[in-house]
Amino acid sequence: MIVESELVGGECSYWACEPSKALLRPALLHREAARFPGVASAVTGPLDVAAVLKHRDHMAADWNDEDQLAWLDSVRVDLVRGHGRLDGPKQVTVRTSDGATVRLLARHAVALCTGTAAALPPFPDSDALRPWTSREATAAQAVPDRLAILGAGVVAVEMATAWQALGAQVTLIARESRLLERVEPFAADLVAERLADAGVDLRLGTTIATARRLDGGVQLVLADGTRLSADELLLATGRTPRTADLGVDTVGLTAGGWLDTDDTLTVTAVEGDWLYAVGDVNRRALLTHQGKYQARIAGAVIAARARGQRLDTGRWGRHAATADVAAVPQVIFTDPEIAAVGLTTAEAARTGRAVRVVDYEIGHVAGAIQHDPGYRGRARVLIDPEREIVVGATFAGAGVTELLHSATVAIAGEVPLARLWHAVPSFPTIGEVWLRLLETYRDQQEPPTRGAVA
């Protein structure tokens, strides 16, 4: 049985992955075509905004979950619409939209899969400010003339990419000194360069001191005293768990806090092995595909415990989530794209792990030149020199998303480099960069250092 207060399918389907990529794909395709010989002359005008927004609406199912309801029926899952709250162990109280109360008692388990909401800075009179969050940014029905964005993370850079391409004048403001601080600096720098080339006004190393909505627009004063005006303000300043009104306090947890779990996705602070937290709400890996992975693990655990079976929680066990820690793939759909999995050089340095950093310019690969004669991009892998396995990979450039799963398999499967030599990439594809990385590693002579950064 599922209890849902909004649309069945969650954030990704209606306000995140699906609509945001529907906005971004036309922007990236348009820019790529405009750089390609023989095609550039045919790309003479701006994007068709109405068509892009119509496609976005289609990808978000017009914010209607009828298809999801049909799927629930097909797998015989009951739905209760309303706001659910824990009311003690294995008990859930649901307040329905018509004001009725439904009380549910779980036989085996309750899983909290409530995700996150936008974490907003405490601006005075925030109700009157009416800022955009990621939801408004992906669902807006018109292009603002001027869009200010506060933030330096994935939402900030992706929405800057999309709305600038659709015709908005975008100003991106960030307290951080660079964008995307959790990715390799070379990849973030390429994105910043392309954003600036596209016309985005980057204001790094500062923040918004005051923000007020006046005469239909937003008036901003930055920390350095600069005054800016915008039609809309997007606050892309992080996420907070949606646990403030879930009744978690009735089972000894802190309302509004993250839900810590073990690898079986069981909430560790609650006794009895009946409460599970799946997806963003447990803060293990805030990505849709990782939430789905966790759901498969949690479902297997709940079924095994219900049958009295012994759990298989070993390193490769089917009752343990491990891929959401060591081999988490992520794509950032900017210009250029960034695809990354496993450790970064900064994470290796922070944890004191010995790695060898191997870089290769993707533009030197024949398949990349076929993709774009002026291709700019870079690949980096981190090698454990003792075990000779890949422990991290980052790719930045057009088309690099297709490299990510091979990297994920190499890391999750701990494939020895000796075997990777026999995984022959097709010519001419961008995937040939794997061969070039292995050759570069072979030719390196210097000894590895802890947390080495090239």
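This note goes through a predicted model point by point.

1. Because the model is predicted, local features are described at pLDDT of at least 70 and side-chain atom pairs at pLDDT 80 or more, while totals for chains, interfaces and linings use all residues. Residues are numbered from 1 along each chain as its sequence is written, and side-chain values use heavy atoms, leaving out hydrogens and water.

2. The largest nonpolar core (buried Ala, Val, Leu, Ile, Met, Phe, Trp, Tyr and Cys residues joined through side-chain atoms within 4.5 Å) has 39 residues, of which Ile-149, Trp-163, Leu-172 and Leu-180 touch the most other members. Among the elements that give two or more residues to this core are helix H7 (154-165) and helix H8 (185-198), and H8 gives the most, with 7 residues. Helices and strands here are DSSP runs (H or I, at least four residues; E, at least two), numbered from the N terminus.

3. Beyond its neighbours within four places in sequence, Trp-163 is in contact (heavy atoms within 4.5 Å) with residues including Leu-23, Leu-53, Trp-132 and Val-170.

4. Thr-264 lies in the loop between strand S15 (239-241) and strand S16 (275-277), and this residue is buried (under 20% relative accessible area, with a 1.4 Å probe and protein chains only), at 6%. Its side chain makes a polar contact (a pair of N or O atoms within 3.5 Å, one able to donate a hydrogen and the other to accept it) with the side chain of Asp-262 at 2.6 Å, and another, of 2.7 Å, with the side chain of Thr-266.

Note on methods:
Buried means under 20% relative accessible area, exposed over 50%, partly exposed in between (1.4 Å probe, protein chains only).
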